[in-house]
Amino acid sequence: MEGRLTAVEADADERAVEAALRPRRLDEVIGQERVREQLGLVLDAAKARGRVPDHVLLSGPPGLGKTTLAMIIAAEMEAPLRLTSGPAITHAGDLAAILSGLNEGEVLFVDEIHRMSRPAEEMLYMAMEDFRVDVIIGKGPGATAIPLEIPPFTLVGATTRAGLLPGPLRDRFGFTGHLEFYEPHELDGIVHRSARLLDVDLTDEGSSEIAGRSRGTPRIANRLLRRVRDYAQVRADGVVTLDVAHRALDLFEVDASGLDRLDRGVLDALCRRFGGGPVGISTLAVAVGEERETVEEVAEPFLVRNGFLARTPRGRVATPAAWAHLGLQQPLGAPGDEPLPGS
Ligand SMILES: Nc1ncnc2c1ncn2[C@@H]1O[C@H](COP(=O)(O)OP(=O)(O)OP(=O)(O)O)[C@@H](O)[C@H]1O
Ligand SMILES: [Mg+2]
């Protein structure tokens, strides 16, 4: 699935491009109104009291702006930001080293915080609550705990899997912001903003065409914009119009609802070969010539979220929206087909 245009994750090259597109201040952020307002309040209150803000947890699917908001928190507090991630902290000692190097008021960003090791997590509890850790020196019966003071800091944790965070860790955050998928008009605003930064000439219709196919995700919107820009430069006069966006996205096989080739393949097999289901995920995967994991983890979440596919105890089932999307007539008696009143 290399280079999939609708992938939610970004590779290293893409992260570099993304850095240039990140809003730097809270008032530059488009969408996420609730989180923005809540976070603004938390930060303003801390500033007014002259204290460091409470620890902040940001949760939500990939590509919606968790890292962006973490950087904004530091910028708004005019504080330095230190970055690390759960998988990078394998020992409690790794965390002790980071914590003891913090300066007062610094923002420590721990990405993928749900992937931190257990002992590190326990050390973090104490640091978050009391700004203190116990560093264990030596081993066995002779080991001693040396208490170490840490200057007040703000922990910003990000996770795509809030459900995997142990309760005691979740409870130590003073504020949790849940990021939601974006509405098309918000993505439209993001595409316009990115086009301005990338110096891309774009019409309103071109922008909303890209926004509509971006699966509610700014990362995907920005990626589609870059591909459409390529197309506009090579096959047109450089301007992203509705027609150019349309042709480019058709070429890259991202359809009007943001479904790609794999997504459509899955729906197509489900409807045409299995009469709309129910069918087991493994059977479905064989039918589209993919690994079961690929279908389950890459295609299915988006199809379920957008109401094209339903998971039932007996297997996967196509919804009326799936039949309609493929331009097929849903057969009478197919799953999800309601009997007509009185029939
Ligand atoms: N509200 C927004 N307005 C404008 N651009 C945004 C917004 N949210 C995210 N973006 C853009 O989307 C891209 C991805 O955002 P970001 O890296 O913050 O996502 P993330 O939630 O940290 O993803 P991951 O879970 O993969 O780490 C960035 O280039 C960022 O500029
Ligand atoms: Mg991130």
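# A guided reading of a three-domain model

The protein, seen here as a predicted model, is divided into domain 1 (31-178), domain 2 (184-252) and domain 3 (261-326).

Student: How many helices and strands does the secondary structure of the protein come to, and what does its C-alpha trace span along its principal axes?

Tutor: Along its principal axes, the C-alpha trace of the protein spans about 75 × 50 × 40 Å. Within that span, the secondary structure comes to 14 helices and 11 strands.

Student: Over which residues does pLDDT stay under 50?

Tutor: The mean pLDDT of the protein is 92, and 97% of its residues reach 70 or more. There is, however, a stretch for which the model has zero contacts beyond four places in sequence, and there pLDDT stays under 50, namely over residues 339-343.

Student: Between which domains does ligand 1 lie?

Tutor: The shell around ligand 1 holds 22 residues, and the closest are Glu18, Gly65, Lys66, Thr67 and Thr68. Helices α1 (12-21), α3 and α9 (218-235) each supply at least two residues of this shell. Because two domains both give residues to the shell, ligand 1 lies between them, and these are domain 1 (31-178) and domain 2 (184-252).

Student: How many residues of the shell around ligand 1 are nonpolar, polar and charged?

Tutor: The shell around ligand 1 has 22 residues to be sorted, with Glu18 and Lys66 among the closest. Sorted by kind, they divide into nine nonpolar, eight polar and five charged.

Student: Is threonine 67 buried or exposed?

Tutor: Threonine 67 is found in helix α3 (residues 66-76), and the UniProt annotation "binding site", from an unreviewed entry, covers this residue. Leaving aside neighbours within four places in sequence, threonine 67 is in contact with Asp111 and Ala158. A residue counts as buried if 20 or more other C-beta atoms lie within 10 Å of its own; threonine 67 has 21 such neighbours, so the answer is buried.

Student: Which elements do the buried residues of α3 pack against?

Tutor: Helix α3 is mostly covered, since nine of its 11 residues are buried. The buried residues are Lys66, Thr67, Thr68, Leu69, Ala70, Ile72, Ile73, Ala74 and Glu76. They pack against α2 (33-49), β1 (56-59), β2 (81-85), β3 (107-111), β6 (154-159) and β7 (175-178).

Student: Which residue takes a positive phi just after α3?

Tutor: Helix α3 covers residues 66-76, so the place to look is the part of the chain that comes just after α3. There a positive phi of about 50° is taken by glutamate 78.

Student: How far apart in space are phenylalanine 131 and leucine 148, C-alpha to C-alpha?

Tutor: Phenylalanine 131 lies in the loop between α5 (118-130) and β4 (132-137), and because it has 17 C-beta neighbours inside 10 Å, it counts as partly exposed. Leaving aside neighbours within four places in sequence, phenylalanine 131 is in contact with Glu149, Ile150 and Pro152. Phenylalanine 131 and leucine 148 are 17 residues apart in sequence, and their separation in space is 8.7 Å.

Student: Which residues does leucine 249 touch, not counting those up to four places away in sequence?

Tutor: Leucine 249 has its place in helix α10 (residues 242-251), and it is buried because 22 other C-beta atoms lie within 10 Å. Its C-alpha atom is separated by 9.2 Å from that of tyrosine 231, 18 residues apart along the chain. The residues that leucine 249 touches are Arg213, Leu224, Val228 and Val254.

Student: Arginine 292 and arginine 316 both appear in a UniProt "binding site" list, but where in the secondary structure is arginine 316 found?

Tutor: For "binding site", the unreviewed UniProt entry lists Arg292, Arg311 and Arg316. Arginine 292 is in helix α13 (residues 292-305) and is partly exposed, because 14 other C-beta atoms lie within 10 Å. Arginine 316 is buried, because 25 other C-beta atoms lie within 10 Å, and its contacts beyond four places in sequence include Leu270, Val279 and Arg311. The element that holds arginine 316 is strand β11 (residues 315-318).

Student: How many Å separate the centres of domain 2 and domain 3?

Tutor: Domain 2 covers residues 184-252, and domain 3 covers residues 261-326. Taken over C-alpha atoms, their centres are separated by 28 Å.

Methods
Residues are numbered from 1 along each chain as its sequence is written. Chains are lettered from A and ligands numbered from 1 in the order in which they are written. This is a predicted model: local features need pLDDT of at least 70, side-chain atom pairs count only at pLDDT 80 or more; totals for chains, interfaces and linings use all residues. UniProt positions are given in the numbering used here, feature names are shortened, and annotations may be inferred rather than shown by experiment. Helices (H or I, at least four residues) and strands (E, at least two) are DSSP runs, numbered from the N terminus. A residue is buried if 20 or more other C-beta atoms lie within 10 Å of its own, exposed if 12 or fewer, and partly exposed in between; C-beta atoms are placed from the backbone. Two residues are in contact if their C-beta atoms, placed from the backbone, lie within 7 Å. A residue is near a molecule or strand if its C-beta atom, placed from the backbone, lies within 6 Å of it. Ala, Val, Leu, Ile, Met, Phe, Trp, Tyr, Cys and Pro count as nonpolar, Asp, Glu, Lys and Arg as charged, and the others, Gly among them, as polar. Domain bounds come from an automatic or database domain assignment. pLDDT is the predictor's confidence in each residue, from 0 to 100.
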